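Thank you for passing this entry on for comment. The points below are arranged by topic, and each should be read with the sequence and the structure open alongside.

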Amino acid sequence: MATKIEEIYDYFLSQIDDPVILEIDEDDSLKFRYLKNSIPKFHKCKKNLSIIDKVSFTDDLSETEIMILGSLMVVEYYNPQINNLSLLKQSMSNKDFVMTSQANHLAGLRLLRTEKKNEINKFIIDYTYNNGDIGALR
């Protein structure tokens with residue numbers, strides 16, 4: 001039985017607190033784009049991550065694989081926000097940017113993204129170690 005994409009979406013949504021994404025993404029197109037961008041970053045996955053009709057994966061994914069993909073989606077969610085704030089910073093003077101407290105928000109988002117990437121890298125290393133064939137290293 002194949003894993004439904006909705007399971008990855010549920011994990012992703014449990015990691016963010018953004019009611020706007022629920023309102024503007026009723027058709028799941030934004031979440032699907034985040035998922036599609038996340039899949040190549042999990043190239044060590046032992047399962048086939050091909051998607052069938054935007055509904056489910058070809059293979060049955062483990063809880064760990066679902067968690068990794070959902071976490072990678074969180075990083076994809078942060079990227080446009082950071083890019084928008086970076087563009088805003090470029091268009092404003094330093095004094096104006098600091099006064100609007102956007103600088104603190106941008107720094108916080110960058111830190112969150114870095115921490116999330118580090119956490120995901122650890123998950124992928126653990127996943128690879130736990131699912132690898134050590135005998136093939138000879």
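1. I begin with helix H1, whose buried residues are Ile5, Ile8, Tyr9 and Phe12. These four residues lie on the same side of H1, because they cover an arc of only 100° around the axis. As with everything that follows, this reading rests on a predicted model, in which local features need a pLDDT of at least 70. The segment before H1 holds Met1, and Met1, in contrast to the four residues just named, is exposed, with a relative accessible area of 86%. The C-alpha atoms of Met1 and Phe57 are nevertheless separated by 9.3 Å, although the two residues are 56 residues apart along the chain.

2. The overall arrangement can be stated briefly. The chain has six helices and two strands, and along the sequence these follow the pattern α-α-α-β-β-α-α-α. Of its 138 residues, 35% count as buried. If one takes the contacts in the chain with a separation of 6 or more, residues 24 or more positions apart account for 65% of them.

3. Which residues touch the most other members of the largest nonpolar core? That core has 33 residues, and the ones in question are Phe42, Phe57 and Ile68. Helices H1 (5-15), H3 (29-38), H4 (63-91) and H6 (102-131) each supply at least two residues of this core, and H4 gives the most, with 11 residues. As a general background to this point, nonpolar side chains in soluble globular proteins tend to be buried together.

4. Ile68 deserves a closer look within that core. When its neighbours within four places in sequence are left aside, Ile68 is in contact with Phe42, Ile120, Phe123, Ile124 and Tyr127. Phe42 thus appears both among the partners of Ile68 and, together with Ile68, among the core residues that touch the most other members.

5. Ser71 is placed in helix H4, and I would draw attention to its surroundings. At 0% relative accessibility Ser71 counts as buried, because the cut-off for that class is under 20%. Apart from its neighbours within four places in sequence, Ser71 is in contact with Tyr11, Lys116 and Ile120. Ile120 is also one of the contacts of Ile68.

6. A search of the whole structure finds six salt bridges, and three of these merit individual comment. In the pair formed by Asp28 and Lys31, the side chains meet with an N to O distance of 2.8 Å. Asp28 is partly exposed, with a relative accessible area of 22%, whereas Lys31 is buried, with a relative accessible area of 4%. Asp28 and Lys31 are also linked with Asp25 in a network of salt bridges.

7. The salt bridge between the side chains of Lys47 and Glu65 has an N to O distance of 3.1 Å. This pair links distant parts of the chain, since Lys47 lies in the loop between H3 and strand E1 (51-52) while Glu65 lies in helix H4, 18 residues apart. Is each partner buried or partly exposed? Lys47 counts as partly exposed at 28% relative accessibility, whereas Glu65 is buried, with a relative accessible area of 2%.

8. The side chains of Lys122 and Asp126 form a salt bridge with an N to O distance of 2.7 Å. Both residues lie in helix H6, four residues apart, which is about one turn of the helix. Lys122 counts as partly exposed at 48% relative accessibility, and Asp126 counts as partly exposed at 33%.

9. The last point concerns open space. The largest pocket holds about 180 Å³, and its lining consists of Lys41, Phe42, His43, Lys44, Leu72, Val75, Lys117, Ile120, Asn121, Ile124 and Ile125. H4 and H6 each supply at least two residues of this lining, with the largest share, five residues, coming from H6. Phe42, Ile120 and Ile124, which are among the residues lining the pocket, are also among the contacts of Ile68.

Definitions and conventions:
Residues numbered from 1 in each chain as written. Predicted model: local features only at pLDDT ≥ 70, side-chain atom pairs only at ≥ 80, totals over all residues. Heavy atoms only, no water. Core = buried A, V, L, I, M, F, W, Y, C linked by side-chain atoms within 4.5 Å. Buried < 20%, exposed > 50% of the residue type's maximum accessible area, 1.4 Å probe, protein only. Contact = heavy atoms within 4.5 Å. Salt bridge = Lys/Arg side-chain N within 4 Å of Asp/Glu carboxyl O. Arc of directions from axis to C-beta. 1 Å grid on protein atoms, 1.4 Å probe; cavity = no way out; pocket = protein on both sides within 12 Å on 5 of 7 lines; lining within 4 Å. Points joined across faces, edges and corners; volume = space filled by probe spheres on them.
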